[in-house]
Amino acid sequence: MSEELINRFSMVHPLIKAAPLKGEYRVPGDKSISHRALILPAACQRRVRITGFNTGHDVMATRNALAAVGVVFKDEGDALLLSPPAIFQCAPQTVIDMGNSGTSARLLLGLFASLPNLTLTMTGDASLIKRPMRRVVEPLRAMGASIELMNDKTLPAVCNALSVNNSLVKTNQLHGIMYAMPVASAQLKSALLIAGLRALTPITIIEPLPSRDHTENMLRLLGVDLVSEGQYITINPLSAEFANNQDDMSIHVPGDPSAAAFWCVAALCCTGSSITIKGINGNSYRTEFVKVLQQMGGQIIVECVGQSVGEPLWNLTVHASPLMAVRTAAHQSPALMDEFPILAVAAALADGETIFEGLSELRVKESDRLHKIEELLRLFGCAVEAGDDYLRIIGKTIVTSGDPIHYDPALDHRMAMSALILARAVNRAIVIENVDCIATSFPTFLVDFNSSVMNK
Ligand code: S3P
């Protein structure tokens with residue numbers, strides 16, 4: 001298939017039976033940690049050497065945004081050297097395009113809001129400009145930030161807007177607040193913690209349910225004074241001398257468990273498969289999907305092989321297994337949020353009725369994932385019902401023959417990968433719109449996927 005065609009769509013040929021997956025499967029660096037490995041040292045004005053980072057479009061959006069405000073990057077082989085500026089600055093009328101990346105947009109709103117000498121506009125692609133930003137902007141405004149949103153809801157956002165007479169609306173530092181978050185969101189939590197680094201007084205955040213804690217772990221590694229007790233997280237602002245007292249630092253980004261989840265489900269569902277995925281992040285807020293798949297009967301062997309950036313490092317060995325239905329509760333959902341698309345594929349291939357609860361946040365991801373999961377499974381003939389915040393999937397109702405399926409993942413990388421894994425598992429031809437959206441998180445996926453299909 002030519003490069004140009006691969007960029008427009010990808011097709012699983014109906015006549016080639018997908019071979020079992022064997023050997024070692026690779027995953028890119030953890031996307032969540034890669035964003036933080038760029039943003040947090042920059043925010044703390046610490047020079048850092050980063051290896052293993054995710055080179056997908058999302059993390060590149062973060063890198064480009066930081067470069068636009070004065071952070072200097074130097075590529076040195078596989079490593080990236082980051083040097084923060086003494087003073088963050090940007091050209092007049094700077095527009096920063098975050099592409100598809102909600103993490104870049106939300107975390108950097110926290111940073112930019114705390115830098116009163118910066119005036120810039122932040123925007124994104126057709127998917128990102130529909131996603132809710134007010135959840136971040138409202139508490140930042142309560143801290144004293146000046147940020148304007150389109151219809152007070154979405155990007156484009158103008159940070160530190162100039163007033164009519166061209167003077168800054170806000171010139172003061174932010175102040176701390178006590179804030180009870182209305183949604184369990186690691187992006188919201190992180191934006192506020194980052195803004196709190198430069199505030200005049202401490203900020204305390206109350207989480208309704210725990211979410212991934214990479215920001216807290218990395219800020220502690222950076223020497224920031226952060227206390228986390230139950231639902232409460234308090235961050236004390238950086239002192240004036242903080243930057244002067246710090247040595248250069250090295251960060252090695254572990255493999256992305258959310259990317260590994262795709263190969264796990266592919267291997268579990270394709271008879272005769274047996275694979276190993278090495279060096280993934282084993283953080284418990286990211287690996288709940290392993291427990292769920294094991295509960296479904298999946299043979300996944302976890303080996304803890306060390307630590308990286310204050311997080312456990314795992315190898316996973318996965319053997320093809322018959323799967324059965326499962327039920328997950330709302331309190332589990334923040335730790336499964338990114339994996340529901342591929343878990344829905346596993347459920348569609350499992351015996352019995354699966355129910356996933358507490359899914360309302362899926363409506364505001366890179367696509368309306370509740371709708372997109374339902375649409376995908378229905379296209380394959382699977383009996384599925386998406387409620388406001390739940391999914392009910394009757395396994396083994398998929399139709400395994402018929403015309404090629406045509407699916408538009410709405411620029412959502414995880415929906416595109418889930419569709420390909422499902423088509424592979426049931427050996428149906430599929431055409432995916434804009435399949436290149438997968439490169440937002442997993443630039444090597446299509447190459448490995450195509451060789452796993454052709455490699456009989
Ligand atoms: C992320 C947090 C999650 C997740 C997203 C990445 C992060 O979103 O879905 O893909 O890196 O902080 P929430 O902010 O909704 O938890």
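**Helix packing and the β17-β20 sheet**

In the predicted model, helix α8 (residues 257-269) and helix α10 (residues 340-348) approach each other, their axes coming within 9 Å. The axes cross at roughly 10°. Angles under 35 degrees count as roughly parallel, and α8 and α10 are therefore roughly parallel to each other. From α8, the residues Ala261, Phe262 and Val265 take part in the contact. They meet Ile342, Val345 and Ala346 of α10. The residues of this contact comprise six nonpolar, no polar and no charged.

An open sheet is built from four strands. Their order is β17-β18-β20-β19, and the pairing is mixed. The edges are held by β17 (327-328) and β19 (383-386). Each edge strand has a single partner strand, so one side of each is left without a neighbour in the sheet. Strand β18 (residues 353-357) pairs with strand β20 (residues 390-394). This pairing is antiparallel and runs over five bridges. In one of these strands, β20, Tyr390 is the bridge partner of Glu357.

Helices also pack on this sheet. Helix α10 touches β17, β18 and β20. The direction of α10 makes about 165° with that of β18. Helix α10 thus has contacts of two kinds: residues including Ile342 meet α8, and the helix also packs on the sheet. Helix α11 (residues 369-379) lies across β19 and β20. With respect to β19, α11 runs at about 165°. Strand β20 is touched by α10, and α11 lies across β20 as well.

Conventions
Residues are numbered from 1 along each chain as its sequence is written. This is a predicted model: local features need pLDDT of at least 70, side-chain atom pairs count only at pLDDT 80 or more; totals for chains, interfaces and linings use all residues. Side-chain values use heavy atoms; hydrogens and water are left out. Axes are lines fitted to C-alpha atoms, for helices over the stretch in contact, and angles run from 0 to 180 degrees between N-to-C directions. Angles under 35 degrees count as roughly parallel, over 145 as roughly antiparallel, 65 to 115 as roughly perpendicular and the rest as oblique. Contact means heavy atoms within 4.5 Å. Ala, Val, Leu, Ile, Met, Phe, Trp, Tyr, Cys and Pro count as nonpolar, Asp, Glu, Lys and Arg as charged, and the others, Gly among them, as polar. Two strands pair if DSSP finds at least two bridges between them.
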